[in-house]
Amino acid sequence: MIRNPLPWPNGARCAVALTFDMDADSILHLAHHATADTRVAGMSALRYGPEVAMPRLLEMYRRHGIKQTFFLPGWCMERYPQAVEAVMKGGHEIAHHSYLHEHPNELKPEEERYWFERALDVIVKMTGAKPKGYRAATYKFSRHTLDILLEHGFDYDASLFGDDVPYILRSAKGTKGDVVELPSHYGLDDWPHYQVSRDFNYIMALKAPSQALQVFIDEFDAAWEHGGMWISVWHPFLSGRLARAHAIDNLLEHMQRKGKVWFARLDEIAAHARAMMAQGKWQPRIDTLPYYDGPIPELGVAARGALVKP
Ligand SMILES: [Zn+2]
């Protein structure tokens with residue numbers, strides 16, 4: 001099913017990374033700057049992430065003996081330093097996830113760069129090292145994001161959906177270097193299953209954790225069967241709630257029972273992909289970004305009338 005499967009270490013059938021984006025209340029301040037302080041219940045639901053879910057998840061990882069990757073917005077790191085300390089103490093990776101969860105593709109290029117570098121400074125100051133990886137907030141990777149990542153020497157990105165295994169991103173603008181893309185997709189995101197919030201105007205039928213888990217298990221079983229990769233995009237305030245965390249525990253047991261799974265941090269997966277390429281053991285697919293510089297010319301003003309009916 002996969003044309004260019006990446007040989008995983010020690011004969012593993014697939015790579016697994018349970019990645020969490022600890023957005024906390026950054027998303028509420030971004031969406032409702034003037035009134036976020038008045039939305040106390042919504043705020044408490046988001047603060048559940050760093051306050052209650054993070055210690056629970058870190059303890060679960062410790063119990064299962066795995067090291068994983070956390071994407072932390074810079075503002076959340078400043079606001080919840082105890083979460084940063086706990087992640088580092090557990091031997092997990094901290095990766096770049098914007099400053100206040102701003103959306104890069106809705107910003108001017110100079111604004112995107114400002115917030116990107118402001119978040120980068122926070123990570124360097126609080127962890128003592130530059131992060132290797134990046135995930136755009138809400139997957140809103142812009143036409144300029146790749147060049148910023150290349151200029152700052154980032155090793156990998158985990159914002160896009162374009163394959164089942166790692167692939168390579170190169171810049172159409174000629175910026176030197178490349179970035180390993182570690183893709184995921186909405187089938188591995190917890191937001192569609194669990195988020196219900198009047199503050200975000202997001203009201204959906206809630207899933208039982210066992211139903212959501214079935215989606216994640218099906219994704220895992222297919223990755224295991226075909227030599228793929230399984231990267232969750234989960235949020236402590238959603239998946240870290242009690243019954244859902246209990247479901248994750250069951251999922252980890254399912255994975256470990258099945259065996260031949262490489263549990264890894266994303267920086268380790270990116271480094272492995274680069275090593276296999278360097279040794280000539282694996283040929284990645286290459287995407288050159290941006291795909292387009294602007295709207296396609298075929299749909300100009302004259303043509304639009306014919307194609308788009310009122
Ligand atoms: Zn996020």
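These questions and answers walk through a predicted model.

Trainee: Where is Asp25 placed?

Mentor: Two elements flank Asp25: strand S1 (14-21) and helix H1 (26-31). Asp25 lies in the loop between S1 and H1.

Trainee: Which side chain of opposite charge is nearest to Asp25, and why is there no salt bridge?

Mentor: Asp25 is buried. A salt bridge needs a nitrogen of Lys or Arg within 4 Å of a carboxyl oxygen. The nearest side chain of opposite charge is 5.2 Å away, so Asp25 has no salt bridge. That side chain belongs to Arg47.

Trainee: Which side chain makes a polar contact with the side chain of Asp25?

Mentor: Leaving aside neighbours within four places in sequence, Asp25 is in contact with Met43, Leu46, Arg47, Trp75 and Tyr80. One of these makes a side-chain polar contact with Asp25, at 2.7 Å. The partner is Tyr80.

Trainee: Which helix gives the most to the largest nonpolar core?

Mentor: The largest nonpolar core has 56 residues. Val16, Leu18 and Trp230 have the most contacts inside it. The top contributor to this core gives 9 residues and spans residues 40-64: helix H2.

Trainee: How many residues does the second core have?

Mentor: This core is separate from the largest one. Among its members are Ala17, Ile168, Ile231 and Ile269. Its count is 22 residues.

Trainee: Which residue in S10 is the bridge partner of Ile168?

Mentor: Strand S6 (residues 167-171) has 4 of its 5 residues buried. S6 pairs antiparallel with strand S7 (residues 179-181) over 3 bridges. With strand S10 (residues 286-289), S6 runs parallel, joined by 4 bridges. In S10, Ile168 is partnered by Ile286.

Note on methods:
Residues are numbered from 1 along each chain as its sequence is written. This is a predicted model: local features need pLDDT of at least 70, side-chain atom pairs count only at pLDDT 80 or more; totals for chains, interfaces and linings use all residues. Side-chain values use heavy atoms; hydrogens and water are left out. Buried means under 20% relative accessible area, exposed over 50%, partly exposed in between (1.4 Å probe, protein chains only). Lys and Arg count as positive and Asp and Glu as negative; His and the chain ends are not counted. A polar contact is a pair of N or O atoms within 3.5 Å; within protein, one must be able to donate a hydrogen and the other to accept it, and residues adjacent in sequence count only if both atoms are side-chain atoms. Contact means heavy atoms within 4.5 Å. A nonpolar core is a set of buried Ala, Val, Leu, Ile, Met, Phe, Trp, Tyr and Cys residues joined through side-chain atoms within 4.5 Å. Two strands pair if DSSP finds at least two bridges between them.
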